[in-house]
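Trainee: Hi! Could you walk me through this one before I start working with it?
Mentor: Happy to, let's open it up.
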Amino acid sequence: MNSLNQFRQLTGQSTYAENLTHLFNAAIKENIPIAIWRKPAEEQIQAICQISDRKLQIEELENAPEGFIFHPFRKPEGESRNYILSEIELSQKKNEFVIHPTLQNHSTELSAFFHVFKELQSDDKFKFTDFLHSSPEVDEDKDKFISLVEKCKQYISEGYYQKIVPSRRAKYGIKKNFHPVHELFKLCEAYENAFVSLVYMPGNGLWIGATPELLISTENNQYFHTVSLAGTQGVPPDFDLSRAAWRHKEIEEQALVSRYIVNCFKQIRLREYDENGPKTVKAGNLIHLKTSFKVDMKATNFPELASTMLQLLHPTSAICGMPMKPAAQFLEQNEGYDREYFSGYLGPVNFESSTSIFVNLRCSRVYRDGGVIYAGAGVTEYSIAEDEWAETEIKFRTLLNVFESNA
Ligand SMILES: C=C(O[C@@H]1C=C(C(=O)O)C=C[C@H]1O)C(=O)O
């Protein structure tokens with residue numbers, strides 16, 4: 001029997017949640033990259049994994065094979081991969097495995113993988129945490145973050161910067177029955193407008209998140225989109241968006257991000273774009289200000305706009321600061337830890353003629369003994385340090401409220 005039929009037999013009787021859980025467990029056990037995601041306002045979850053050992057570093061999105069980009073905040077040195085090739089696909093729509101033709105020469109690996117998958121179908125003792133590293137030391141000192149914000153403000157008032165986005169991280173415990181795939185389903189249910197993701201990359205760990213921030217997207221090689229998202233307020237669950245009121249600080253902070261995007265368009269002499277906003281949008285327990293930008297790549301004759309803008313935009317002033325290079329250097333010298341994939345970018349590339357790449361916010365890395373959660377806050381000359389601390393606390397709640405719920 002060929003591998004594909006073997007797989008069909010294995011999955012035919014199970015629900016999508018069961019198949020996805022076993023696929024995830026098999027990927028963790030075999031130490032192979034896997035990405036599982038659900039796009040904003042869509043119902044279907046999608047999963048891909050890569051069993052061949054090709055290590056791709058993708059820069060040009062337009063000609064990339066179907067896959068998932070997973071890129072850290074800082075550009076990694078040397079030859080590290082930032083891409084998961086779609087070799088085995090499991091979509092919620094079909095609930096059946098699709099094996100890509102590129103795997104034809106890898107039948108030994110494929111059979112070995114099926115074998116592990118099959119074993120795991122009847123192994124209720126499997127613990128994904130056994131295959132992860134232990135969590136690092138994390139400095140959660142409030143005073144240190146407050147003085148970092150004060151230092152940002154001081155440098156801003158001296159005229160070196162207009163905005164800096166310092167961040168911090170905190171540890172949390174995970175329940176005994178915590179399983180990332182189950183948590184992913186809960187996040188999809190709780191945050192229908194978020195890009196929900198679960199990614200495992202050998203050597204770079206396991207990441208889960210529900211981000212509100214699009215970095216770039218393209219549809220049918222015709223329309224390009226990006227957004228500027230900034231300004232944050234915590235709101236109750238039934239908050240009426242029309243009642244949102246914004247202070248000068250947030251309006252200016254978000255306008256800076258929009259200006260940054262417009263400047264990127266200017267650099268490449270792109271003059272025709274639609275700009276819509278700023279509007280108030282809800283992201284779980286928070287509201288933000290958002291402006292959307294849209295470009296017709298055919299009419300403007302910019303077929304490589306997505307790759308070009310990805311290089312120019314990241315890291316945007318929503319997550320790093322303005323001007324970008326000195327702000328990145330300031331963070332490197334003063335933030336006191338490596339952000340890794342937090343505020344990097346991630347998303348599916350060239351799936352059904354569309355690419356959707358998001359900023360990795362409201363995310364957490366899961367370790368053997370618990371999780372580490374990340375959040376940042378935009379600091380301008382009008383910031384109050386205590387408020388920025390409170391903002392990072394409520395950003396943590398986006399994931400933690402879901403992880404702590406018993407659903
Ligand atoms: C940095 C984060 O969020 C970014 C910063 C925001 C702000 O400073 O108000 C708002 C949305 C995001 O662009 C985060 O969620 O950690």
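Mentor: We can talk through the ligand shell, a helix and a strand residue.
Mentor: This is a predicted model, where local features need pLDDT of at least 70, side-chain atom pairs count only at pLDDT 80 or more, and totals for chains, interfaces and linings use all residues. Residues are numbered from 1 along each chain as its sequence is written.
Trainee: How many residues surround the ligand, and which are the closest?
Mentor: The ligand is surrounded by 17 residues, and the closest are T232, A318, L361, G376 and G378. A residue counts here if its C-beta atom, placed from the backbone, lies within 6 Å of the ligand.
Trainee: Which element gives the most to that shell?
Mentor: That's β12, with four residues. Strands here are DSSP runs of E, at least two residues, and helices are runs of H or I, at least four, numbered from the N terminus.
Trainee: New topic: where does α9 bend?
Mentor: At T398, by about 40 degrees. The bend is the angle between axes fitted to the seven residues ending there and the seven starting there.
Trainee: And which residues of α9 are buried?
Mentor: They are E388, T392, K395, T398, L399 and V402. Buried means 20 or more other C-beta atoms within 10 Å of a residue's own, with C-beta atoms placed from the backbone.
Trainee: Why does F70 count as buried?
Mentor: Because F70 has 23 C-beta neighbours inside 10 Å. F70 sits in strand β3, residues 67-71.
Trainee: How far apart in space are F70 and Q50?
Mentor: 13 Å, C-alpha to C-alpha, with their positions 20 residues apart in sequence numbering.

Conventions:
A residue is buried if 20 or more other C-beta atoms lie within 10 Å of its own, exposed if 12 or fewer, and partly exposed in between; C-beta atoms are placed from the backbone.
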